[in-house]
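Biologist: I am new to this structure and would like a close look at a single part of it. Please take me through the open sheet and what surrounds it, slowly and in connected steps.

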Amino acid sequence: FPKRPDDASYYFVIRKVPYAAIWQKFASGEGGANVILRPAVDTWIQVRNAAGAPLKGARIANLSIRTEENTLTYVSRGAEHLLGWEFTASDDAGRLNLPPLPEDASIDVRIDHPRWAQEKLSNLRVTAGRLDAVSLPEGVLTTFEFVADARTPMTVDGLICETMLFSKSSHSAETLNRIPMTITGSQIKFCAHPVTYESA
């Protein structure tokens, strides 16, 4: 790699079929790195609503991947293309396909939906086929409205913002974390858990 400034850190992605892509961070002073690729596994999650019916339109909000050799890869929606992935929504049967993941990795995945509150699955072990099932709870449809500063008028429609709302409870599934949303009609709308949040 070209020489980097002494105080720089950088990310790199390595991809090679039929292995799972990895995304690692290194600092310039660390020297070389050994990278181990694992075979990619096709896997999915069954998503249901609070009544137990298959839920279409559920999405991956973010995904954390851990292996013994690659400590942590964190991918939020909107950044998955960097790994050559596409986060697709669940189908009519509630099947939510995950991207090609490293075999036997441990993952955490947050799943959200425009009309249901998000849920989190933790410490799933990656194997081929169905990993788990999850039911999204009922939530509160929430609207944020954006108003441009009158001193510098601008059109806010079409802008993409990432919402970070931290719940005061300790239940991490209630936290809305870095979900990119497009402003339409000067608003964004999403479904949240009915709890108290602190914005950041």
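Modeller: In this predicted model, R66 stands opposite S106, a residue of β9. The strands β5 and β9 run antiparallel and are joined by seven bridges. They belong to an open sheet of four strands, whose order is β6-β5-β9-β10 and whose pairing is antiparallel. At the edges of this sheet are β6, which covers 73–76, and β10, each of them pairing on one side only. On average, and with direction ignored, neighbouring strands of the sheet are turned by 10° against each other.

A residue within β5 shows how these strands come together. S64 lies in that strand, and it counts as buried because its relative accessibility is 12%, where the cut-off for buried is under 20%. If its neighbours within four places in sequence are left aside, S64 is in contact with L72, T73 and Y74, and also with S106, I107 and D108. Of these partners, T73 falls within the stretch 73–76 of β6, while S106, I107 and D108 fall within the stretch 106–113 of β9.

One of those partners, I107, leads on to the nonpolar interior. The largest nonpolar core has 29 residues, and I107 is listed with I45, V47 and I111 as having the most contacts inside it. At least two residues of this core come from each of β4 (43–48), β5 (59–66), β9 (106–113), β10 (116–125) and β11 (129–135). V47 gives an impression of the surroundings there: not counting residues up to four places away in sequence, it touches A53, P54, L55 and A58, then G94 and L96, and further along the chain I111, V134 and L136. A second core, separate from this one, has eleven residues, including L165, L176, I183 and A192.

Charged side chains also connect to the sheet. The side chains of R77 and D112 meet in a salt bridge, with 3.0 Å from N to O. Since R77 lies in the loop between β6 and β7 while D112 lies in strand β9, the pair ties together parts that are 35 residues apart in sequence. R77 is buried, because its relative accessible area is 10%, and D112 counts as buried as well, because its relative accessibility is 7%. These two residues are not an isolated pair, for R59, R77 and D112 are linked in a network of salt bridges.

For a contrast in exposure, consider D92 and K56, whose side chains meet in a salt bridge at 3.3 Å from N to O. D92 lies in the loop between β6 and β7 and K56 in the loop between β4 and β5, so this pair ties together parts that are 36 residues apart in sequence. D92 counts as exposed because its relative accessibility is 58%, and K56 is exposed too, with a relative accessible area of 53%; the cut-off for exposed is over 50%.

A further salt bridge joins the side chains of R178 and E162, at 3.4 Å from N to O. R178 lies in strand β14 (residues 176–182) and E162 in strand β13 (residues 160–167), so here the parts tied together are 16 residues apart in sequence. R178 counts as partly exposed, at 34% relative accessibility, and E162 is partly exposed, with a relative accessible area of 43%. The count of salt bridges comes to eight.

Conventions: Residues numbered from 1 in each chain as written. Predicted model: local features only at pLDDT ≥ 70, side-chain atom pairs only at ≥ 80, totals over all residues. Heavy atoms only, no water. Core = buried A, V, L, I, M, F, W, Y, C linked by side-chain atoms within 4.5 Å. Buried < 20%, exposed > 50% of the residue type's maximum accessible area, 1.4 Å probe, protein only. Contact = heavy atoms within 4.5 Å. Pairing = 2+ DSSP bridges. Axes fitted to C-alpha atoms, helices over the stretch in contact; angles between N-to-C directions. Salt bridge = Lys/Arg side-chain N within 4 Å of Asp/Glu carboxyl O.
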